[in-house]
Amino acid sequence: MKIIAINGSPHGKRGSCSYLIKQMFTECEKLGAETEVIRLIKHKINFCLGCGKCMSEGICPQKDDVKEIQDKIREADGIVYASPVYVGHISGLLKNFIDRCFAMGHRPSLHDKYAAAVSAYAGIGDINMVTDYMLNNLSGQGAYPVGKVCAYTLNIKVSEEDQEKARQMGRDMVDAFRQKKKFDWEKQAMASKGFKALEKFITERKDLAKEDYKYWKEKGWTDK
Ligand SMILES: Cc1cc2nc3c(=O)[nH]c(=O)nc-3n(C[C@H](O)[C@H](O)[C@H](O)COP(=O)(O)O)c2cc1C
């Protein structure tokens with residue numbers, strides 16, 4: 001089993017998100033999983049230019065590190081999104097990456113994978129909103145949601161309770177993979193407002209969203 005974490009904190013090894021990922025991944029490794037951390041700050045990730053070519057042609061014309069990271073997501077069995085809470089939301093680093101993965105959201109393909117979310121904050125704001133955003137982004141693409149941890153941090157110190165939550169999440173992710181836990185994504189997604197809105201967009205604008213429309217037709221997600 002291969003698990004990757006996409007860390008949207010600019011902090012290195014001494015950062016709280018890095019620390020929580022380490023707690024989680026140490027457990028995963030003990031159980032035989034291979035792990036990799038991608039620190040977005042170390043990569044060239046341009047802003048999305050909104051050209052729409054990912055929807056119409058299935059390619060992004062930008063030449064940077066996004067495709068390489070997306071390929072790692074596609075090859076992994078487990079994916080962890082991590083971000084500190086920045087002004088009530090995920091960091092710009094992670095949001096910028098997620099914007100660039102726009103087409104992956106339109107053409108969900110993570111159905112045989114497992115997802116988790118890690119966050120750290122200083123006590124201000126709605127922590128559920130941040131971890132839910134990350135987890136929903138991955139489970140919206142079909143990945144089975146294993147869990148989420150948002151740790152209160154003081155001078156980068158994380159409580160023993162939150163460290164244990166991260167470790168447990170690591171064990172849960174490997175367990176979910178081994179047990180081949182299933183998530184009835186099609187049933188849940190198709191009933192959701194978001195999926196219906198996406199279907200409306202893709203079918204009404206099939207001239208623009210050509211690649212999306214082709215994918216949805218192949219999958220049988222629309223009869224329009
Ligand atoms: C630009 C910026 C914005 C922040 N906004 C919030 C916030 O809205 N709520 C909060 O509780 N903490 C906020 N923090 C604190 C970080 O979330 C906290 O220090 C976190 O532990 C950092 O995690 P990291 O070391 O993994 O980057 C902010 C920090 C920075 C630098």
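**Exercise 1. Decide whether Val87 is buried or exposed in this predicted model.**

Solution. Start with the neighbour count: Val87 has 9 other C-beta atoms within 10 Å. The cut-off for an exposed residue is 12 or fewer. Val87 is therefore exposed.

Next, locate the residue. Val87 sits in the loop between β3 (78–84) and α4 (92–100).

Finally, check the backbone. The phi of Val87 is near 45 degrees, which is positive although the residue is not glycine. Most residues other than glycine have a negative phi.

**Exercise 2. Determine where Lys180 is placed, and whether Lys180 counts as buried or exposed.**

Solution. Lys180 belongs to the loop between α7 and α8 (185–191). Inside 10 Å there are 8 C-beta neighbours, so Lys180 counts as exposed. The phi angle of Lys180 is near 55 degrees, again a positive value in a residue other than glycine.

**Exercise 3. Classify the packing of helices α1 and α7 by angle, and state the handedness of their crossing.**

Solution. Take the geometry first. Helix α1 covers residues 16–30 and helix α7 covers residues 160–178; their axes are 7 Å apart and meet at an angle of about 40 degrees.

Apply the angle classes. Roughly parallel requires an angle under 35 degrees, and roughly perpendicular runs from 65 to 115. The two helices α1 and α7 are therefore oblique to each other. Their crossing is right-handed.

Then list the residues that make the contact. From α1 they are Leu20, Gln23, Met24, Phe25, Glu27 and Cys28. From α7 they are Gln163, Ala166, Arg167, Met169, Gly170, Arg171, Met173 and Val174.

Sort these by type. The contact of α1 with α7 divides into eight nonpolar, three polar and three charged residues. Gly170 of α7 falls in the polar group, since Gly is counted there.

**Exercise 4. Find out how the radius of gyration of the protein compares with that of a compact globule.**

Solution. The protein has 224 residues, and for that number a compact globule would have a radius of gyration near 17 Å. The value for the protein is 17 Å, which agrees.

Add the extents: the C-alpha trace spans about 50 × 40 × 30 Å along its principal axes.

Now turn to the interior. Of the 224 residues, 41% are buried. Among contacts with a separation of 6 or more, 75% join residues 24 or more positions apart.

Close with the secondary structure, which comes to 10 helices and six strands.

Methods:
Residues numbered from 1 in each chain as written. Predicted model: local features only at pLDDT ≥ 70, side-chain atom pairs only at ≥ 80, totals over all residues. Helix = DSSP H or I, 4+ residues; strand = E, 2+ residues; numbered from the N terminus. Rg over C-alpha atoms; globule rule 2.2 N^0.38 Å. Buried ≥ 20, exposed ≤ 12 C-beta atoms within 10 Å, placed from the backbone. Contact = placed C-beta atoms within 7 Å. Axes fitted to C-alpha atoms, helices over the stretch in contact; angles between N-to-C directions. Parallel < 35°, antiparallel > 145°, perpendicular 65-115°, else oblique. Left-handed = near helix turned anticlockwise from the far one by under 90°.
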